Amino acid sequence: MEKIKIAIQKSGRLSENSIELLKECGIKVTNGDRKLKTVASNFPMEVLFLRDDDIPQYVEQGVADIGILGENEVWEQDKNVQIVEQLGFGGCRLSLAIPKDDDYNGVDYFNNKRIATSYPKILSKFFDAKGIKVDIEALGGSVEIATSIGLADGIFDIVSTGSTLIMNGLKEVETVVRSQAVLISNKNLSPIKKQLLDEMLFRIKAYKNGKG
Ligand code: PRT
Ligand code: ZN
């Protein structure tokens with residue numbers, strides 16, 4: 001029988017919850033040997049373990065049919081995939097932060113400032129919509145140290161508790177957008193795969209209702 005291929009994060013903040021969600025849907029997955037892929041024992045599903053950054057592209061291309069990752073990554077990559085369900089875990093916000101002793105009285109603060117981020121597309125949309133010109137420094141990681149090393153005047157990054165910002169002498173001044181883990185899908189699923197996705201969605205919703 002045809003199997004639906006789901007891509008989930010191999011190791012990271014969303015991995016455990018992603019496996020847990022499958023389990024709550026009655027889908028048994030084991031990845032004891034940390035393989036790249038595995039097959040569910042009681043549902044026609046193949047599970048691919050990938051870096052979250054690679055998931056939108058693989059789902060767009062159909063290498064995976066569906067995937068679980070942060071909505072922030074889906075927005076940033078802007079691939080041709082469908083967001084089908086918000087999953088209620090991996091909650092965070094994408095915020096602007098500046099050195100804690102700087103005065104702040106509104107987004108105009110950022111006019112002609114340099115801002116370091118791993119989310120340049122989301123950030124430039126935000127400032128374009130406000131008609132504010134900024135200089136965006138795209139970084140792969142360690143964004144929080146950008147101001148202390150003189151690379152930028154402010155940063156735009158993922159925040160959950162806020163302690164990373166505090167540890168780096170920064171304060172959060174604007175929440176641009178809130179994010180959580182989502183289920184995404186390829187836009188051209190076969191009828192059988194579409195049916196398997198519907199079955200999974202039905203179980204996810206039942207689980208969410210039970211929890212709420
Ligand atoms: O290896 P791979 O590429 O798969 O993983 P990754 O390192 O790129 O991603 P990972 O596992 O760090 O995050 C995956 C997803 O989890 C993100 O895309 C978000 O949707 C979500 N998420 C939720 C978070 C956080 N909370 C979070 N706090 N992602 C990152 N952080 C980081 C943030 O970048 C900052 O460095 O945690 C720090 C801030 O945390 P606080 O609690 O100090 O504010
Ligand atoms: Zn990543």
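**Exercise 1. Place ligand 1 in the predicted model.**

Step 1. The space that ligand 1 takes is the largest pocket. A pocket is an open set of points on a 1 Å grid over the protein atoms alone, with protein on both sides within 12 Å along at least five of seven lines.

Step 2. This is a predicted model: local features need pLDDT of at least 70, side-chain atom pairs count only at pLDDT 80 or more, and totals for chains, interfaces and linings use all residues. Residues are numbered from 1 along each chain as its sequence is written, ligands from 1 in the order in which they are written, and side-chain values use heavy atoms, without hydrogens and water.

**Exercise 2. Describe the shell around ligand 1.**

Step 1. Of 21 residues around ligand 1, Arg51, Asp53, Asn72, Thr161 and Thr164 come nearest; near means a heavy atom within 4 Å.

Step 2. Sort the shell: four residues are nonpolar, 12 polar and five charged.

Step 3. Domain 1 (4-90 + 180-211) and domain 2 (92-178) each give at least three residues.

**Exercise 3. Find side-chain N or O atoms by the oxygens of ligand 1.**

Step 1. Take Thr161: the distance to a ligand oxygen is 2.5 Å.

Step 2. For Gln9, the distance is 2.9 Å.

Step 3. For Ser163, read 3.3 Å.

Conventions: Polar contact = N/O pair within 3.5 Å; in protein donor to acceptor, adjacent residues only side chain to side chain. 1 Å grid on protein atoms, 1.4 Å probe; cavity = no way out; pocket = protein on both sides within 12 Å on 5 of 7 lines; lining within 4 Å. Sits in = over half its atoms within 2 Å of the grid points. Nonpolar A, V, L, I, M, F, W, Y, C, P; charged D, E, K, R; others polar. Domains from an automatic or database assignment.
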